[in-house]
Amino acid sequence: MRSLPLFAALLLSISRASAASDPRFDGQKADKLSTPALAAPEAPAAPQTSPDEQRLWVVLAAADSRTRTAAATAGVSIEEVRPGRIAGFSTPAALARAKAAGLKVLSSEPLSKRFSAKDFPAKDAAYHNFAETVAELKAIVGKAPDIASLFSIGKTSPGRDGHDIWALRLCPDAKGPAASKKPGIAFMGMHHAREHLSNEVPLLLARRLVENRRDPEVARLLAGRDVYIIPMVNPDGGEYDVSGDRYHMQRKNMRQNGDGSVGVDLNRNYGWGWGGEGASPYPADDTYRGPDAFSEPETQAVKAFVESKKNLTTLLSYHTFSELVLYPWGGSSEPIADKNALKAYRVMAEEMGRMTGYTPMQSSDLYVATGDLTDWSWGEHGIFSWTFELTPKSMWEGGFYPGAAAIATTVQANWRPLLYLIDLADNPRRAAN
Ligand code: 0X9
Ligand code: ZN
């Protein structure tokens, strides 16, 4: 469990050396660097079972952020940080790389042994799959057609039968992709397929906004802002995760990598610091960064969306789990260089931590990982960018599949931060005043 005392200890032990002189992380809009890629993947032998099915649940000794980052760089997808150790998903090859990097393995066991949960079973029927999400988005538009509209920011397989990535918009003076002069804010979910609560939260918060639009506070906020909700950035992965007779523990999208493995980690595929630490060059790994920055239709769609909305000041990407409020940088242990912005980030993180009970921290205090959405949207575009790790706190409380009861409580916990960010979207820096 990522508890407060643990993080107090972690903060003391953080190494701040790794990217100190990297201009990508200096808080300014730096020119893009061409970073030499890590060693090219070896050609793997044809597997008997798919690489995804060979994944392991591993526990490794790791006392500090530097060691956690070494595990992430080796290709271990870290899911839990506990005192002195981490746990997560790994291929056998990534585990061998972690061992070679000096990490001590405390335990490892096949994923198939550990997770046998049935797939959106009756008890989880409250969760929305892709079709149900689209139906809910349409229903929200139907409740408030004067301010709400729905448009696709792109397809997962452009020109083919992929899923649309839908954006719901709540704006008093513009519909669909048309420009607005109101300050813009975007809430995104499901970069990672198995993180189903990260779809539910923005989806149901959108419904709640519309249902409460006559409430004076909500009415004031909606009248002055341009709000976008994109609950399913990775619909292909999300659909796969709930297909068949069991959950698949899918993190990535559904790209066929050509070596028998499937998927790119979309939150390692953005073009700020891409190719650096904490992301894997090996296709079978859960944190595979992809062949190039923005190689994926999903990240290309988000990029095109963000770059077409010049009014965006704020962005929040929901993930699960661990109950954290995270802000840039994630790809560097350095704090952002803009002191005024850093102060605003810290004030807002503390405030949203109080609202939710989640723990606020710089992303890289968890582990350094390059190529995530929020480093890019902050670094490239100066958009105040957040990652929330939602409920629960640990794998033992349900991990990625915490059950239907978690939906309402997590939506409730995230209502005040949503309003807070919408309010501050005219100028997030005023939080520091
Ligand atoms: O690793 C991620 O992409 C996010 N955690 S998750 O368990 N949902 O996969 C955290 C992203 C925070 N960013 C960095 N640490 N760079
Ligand atoms: Zn995630």
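For sorting residues by class, Ala, Val, Leu, Ile, Met, Phe, Trp, Tyr, Cys and Pro count as nonpolar, Asp, Glu, Lys and Arg as charged, and the others, Gly among them, as polar. On that basis, the shell around ligand 1 in this predicted model comes out as three nonpolar, six polar and six charged residues. That shell is made up of 15 residues, and the closest are Arg251, Arg268, Tyr367, Asp372 and Glu389.

A few polar contacts to the ligand can be picked out. Asparagine 267 puts a polar side-chain atom 2.9 Å from an oxygen atom of ligand 1. Two other contacts run through the backbone and end on nitrogen: threonine 320 has a backbone N or O atom 3.2 Å from a nitrogen atom of the ligand, and serine 363 has a polar backbone atom 3.4 Å from a nitrogen atom of ligand 1. As for cover, the ligand taken alone exposes 410 Å², and the protein buries 99% of that. The place where ligand 1 sits is the largest cavity.

Turning to the aromatic side chains, the structure holds 18 aromatic pairs. One of these pairs brings together tyrosine 228 and phenylalanine 305: the ring centres are 5.1 Å apart and the planes make an angle of 75 degrees, so the pair counts as edge-to-face, the cut-off for that label being over 60 degrees. Tyrosine 228 belongs to strand 8 (residues 226-230) and phenylalanine 305 to helix 9 (residues 297-308), so this pair ties together parts that lie 77 residues apart in sequence.

The backbone has some oddities worth a look, and they sit in loops. Proline 328 and tryptophan 329 are joined by a cis peptide bond, with omega at about 0 degrees. Tryptophan 329 is found in the loop that runs between strand 10 (324-327) and helix 10 (339-356). Another cis peptide bond links threonine 391 to proline 392, again with omega at about 0 degrees; here proline 392 is part of the loop between strand 12 (384-390) and helix 12 (405-413). Then there is methionine 249, which is not a glycine yet has a positive phi of about 55 degrees. Methionine 249 is placed in the loop between helix 8 (235-241) and helix 9, the helix that also carries phenylalanine 305 of the edge-to-face pair.

Terms used. Residues are numbered from 1 along each chain as its sequence is written. Chains are lettered from A and ligands numbered from 1 in the order in which they are written. This is a predicted model: local features need pLDDT of at least 70, side-chain atom pairs count only at pLDDT 80 or more; totals for chains, interfaces and linings use all residues. Side-chain values use heavy atoms; hydrogens and water are left out. A residue is near a molecule or strand if one of its heavy atoms lies within 4 Å of it. A polar contact is a pair of N or O atoms within 3.5 Å; within protein, one must be able to donate a hydrogen and the other to accept it, and residues adjacent in sequence count only if both atoms are side-chain atoms. Accessible areas come from the Shrake-Rupley method with a 1.4 Å probe; for residues, only the protein chains shown count as cover. On a 1 Å grid over the protein atoms alone, a cavity is a set of points where a 1.4 Å probe fits but cannot get out, and a pocket is an open set with protein on both sides within 12 Å along at least five of seven lines; lining residues have an atom within 4 Å of a point. A molecule sits in a cavity or pocket if more than half of its atoms lie within 2 Å of its grid points. Rings of Phe, Tyr and Trp (its six-membered ring) pair if their centres lie within 6.5 Å; planes under 30 degrees apart count as stacked, over 60 as edge-to-face and the rest as tilted. Helices (H or I, at least four residues) and strands (E, at least two) are DSSP runs, numbered from the N terminus.
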